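Okay, thanks for coming, everyone. I'd like to talk about empty space today, and about what fills some of it. Have a look at this one on the screen.

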Amino acid sequence: MSDDPRDYHAPANLLHDRIVLITGAGSGIGRTAALTFAEYGARTILLGRTQAKLEAVYDEILAAGWARPSISVMDFAAAQGDDYAQLAESMQQEFGRLDGLLHNAGILGERSPIEHYEVSKWLEVMHVNLNAPFVLTQTLLPLLQASDDASIVFTSSGVGRRGRAYWGAYAVSKYGIEGLSQVLADETSAQERIRVNCINPGATRTGMRRAAYPGEDPETLPPPESLMGPYLYLIGPDSRGVTGHSFDCQ
Ligand code: NAP
């Protein structure tokens with residue numbers, strides 16, 4: 001078999017009994033990841049800011065006969081320390097551990113030059129895209145450490161590896177995500193039971209891509225469903241021992 005996660009084919013029960021939290025699970029890539037993880041047997045925790053979208057995903061999972069998910073409504077732009085602590089407490093009560101954490105939620109911010117980038121928008125993007133994943137990871141680390149095999153996956157972007165004009169705070173936040181992932185991977189490298197990696201979905205047919213490229217025909221882009229091989233590989237047990245890397249889906 002190829003070592004390239006893009007060629008990965010998951011066995012049907014890959015995530016059986018695994019507890020996996022997905023941020024931004026109500027739409028776009030996060031929604032598809034949540035449905036896919038549930039299909040492969042995971043018990044999912046759907047986190048996002050819009051309750052109705054999370055409930056729609058919840059209903060789809062139940063209708064398909066997969067394991068009953070949990071919902072956590074949290075707006076990363078506004079969440080405080082207590083909100084994170086409450087989430088960890090309720091997960092501790094219900095599951096006692098966490099096996100997979102997919103940091104997927106994100107916002108685009110403005111497409112404008114640094115010279116004119118609105119400061120309040122900059123702070124919001126950095127907060128939602130970078131500070132919130134840091135706080136969520138730190139809060140959930142004890143639950144991840146309680147797992148025999150835990151995987152943390154951060155979502156990067158092409159502009160998180162090579163800056164490009166007018167991508168402003170979004171690009172800088174994704175550079176930060178790559179850095180956070182590397183630092184945490186190094187800190188946990190002696191713990192075989194935890195791995196930390198980044199994934200870059202590449203241009204994908206979602207609302208965020210539409211907002212970034214309004215003139216583009218979405219039909220020319222791959223849908224989120226076509227990216228799920230690498231997501232399953234990284235969240236599931238087959239990537240055990242793989243840490244500190246940044247993968248491309250396309
Ligand atoms: P999307 O369709 O806009 O979905 C983003 C998700 O994040 C939504 O579920 C959204 O919730 C959630 N979210 C946004 N702000 C939030 C907040 N303050 N608190 C909690 N949740 C929040 O975007 P996508 O294209 O699927 O992107 C998913 C990830 O892939 C992002 O990290 C993005 O940067 C990355 N990415 C995407 C592409 C692409 O071409 N699509 C390329 C490279 C990287 P609501 O639905 O409730 O707003």
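So, the largest pocket holds about 1,000 Å³ of space. Keep in mind that this is a predicted model. The elements giving two or more residues to the lining of that pocket are H1, strand S2 (43-48), helix H2 (51-63), helix H4 (119-145), H5 and H6. H6 has the largest share of the lining, with 4 residues.

In total, 45 residues line the largest pocket, and the ones nearest its centre are Asn104, Gly106, Ile107, Thr206 and Met208. Sort the lining by class and you get 19 nonpolar, 18 polar and 8 charged residues.

Now, what about the ligand? The space it takes is this largest pocket. As for the shell around the ligand, the elements that put in two or more residues are helix H1 (28-39), helix H5 (168-187) and helix H6 (207-212). H6 is the top contributor to that shell, giving 3 residues.

The ligand has 30 residues around it, with Ser27, Thr50, Lys53, Tyr170 and Thr206 the closest. Thr206, you'll remember, is also among the residues nearest the centre of the largest pocket. By class, the shell around the ligand comes out as 11 nonpolar, 14 polar and 5 charged residues.

Let's go through some contacts. Which residue has a polar side-chain atom 2.4 Å from an oxygen atom of the ligand? That's Thr50. Lys53 also brings in a polar side-chain atom, 2.7 Å from a ligand oxygen. With Gly202, it's a backbone N or O atom, and the distance to an oxygen atom of the ligand is 3.3 Å. And how much of the ligand is covered by the protein? On its own the ligand has 900 Å² of accessible area, and the protein covers 92% of that.

Okay, on to the second largest pocket, which has about 150 Å³ of space. Its lining takes two or more residues from each of strand S3 (70-73) and helix H3 (81-94). H3 gives the most here, with 6 residues. There are 13 lining residues, and Ile71, Ser72, Gln86, Leu87 and Ser90 sit nearest the centre of this pocket. The class split for the second largest pocket is 7 nonpolar, 4 polar and 2 charged.

Those were the pockets, so what about cavities? How many of 30 Å³ or more does the structure hold? It holds 2. The largest cavity has a volume of about 80 Å³. H4 and H5 are the elements that give two or more residues to its lining, and H4 gives the most, with 5. His103, Asn104, Ala105, Asn129 and Pro133 lie nearest the centre of the largest cavity, out of 13 lining residues. Asn104 came up before, as one of the residues nearest the centre of the largest pocket. By class, the lining of the largest cavity has 7 nonpolar, 5 polar and 1 charged residues.

Last stop: the second largest cavity, with about 40 Å³ of space. Its lining is Arg205, Thr206, Arg209, Arg210, Tyr213, Glu216, Pro218 and Leu221. So there's Thr206 again, lining this cavity and among the closest residues to the ligand. The lining here divides into 3 nonpolar, 1 polar and 4 charged residues.

That's my tour, thanks for listening.

How values were computed
Residues numbered from 1 in each chain as written. Predicted model: local features only at pLDDT ≥ 70, side-chain atom pairs only at ≥ 80, totals over all residues. Heavy atoms only, no water. Near = heavy atom within 4 Å. Polar contact = N/O pair within 3.5 Å; in protein donor to acceptor, adjacent residues only side chain to side chain. Areas by Shrake-Rupley, 256 points an atom, 1.4 Å probe, with all protein chains shown as cover. 1 Å grid on protein atoms, 1.4 Å probe; cavity = no way out; pocket = protein on both sides within 12 Å on 5 of 7 lines; lining within 4 Å. Sits in = over half its atoms within 2 Å of the grid points. Nonpolar A, V, L, I, M, F, W, Y, C, P; charged D, E, K, R; others polar. Points joined across faces, edges and corners; volume = space filled by probe spheres on them.
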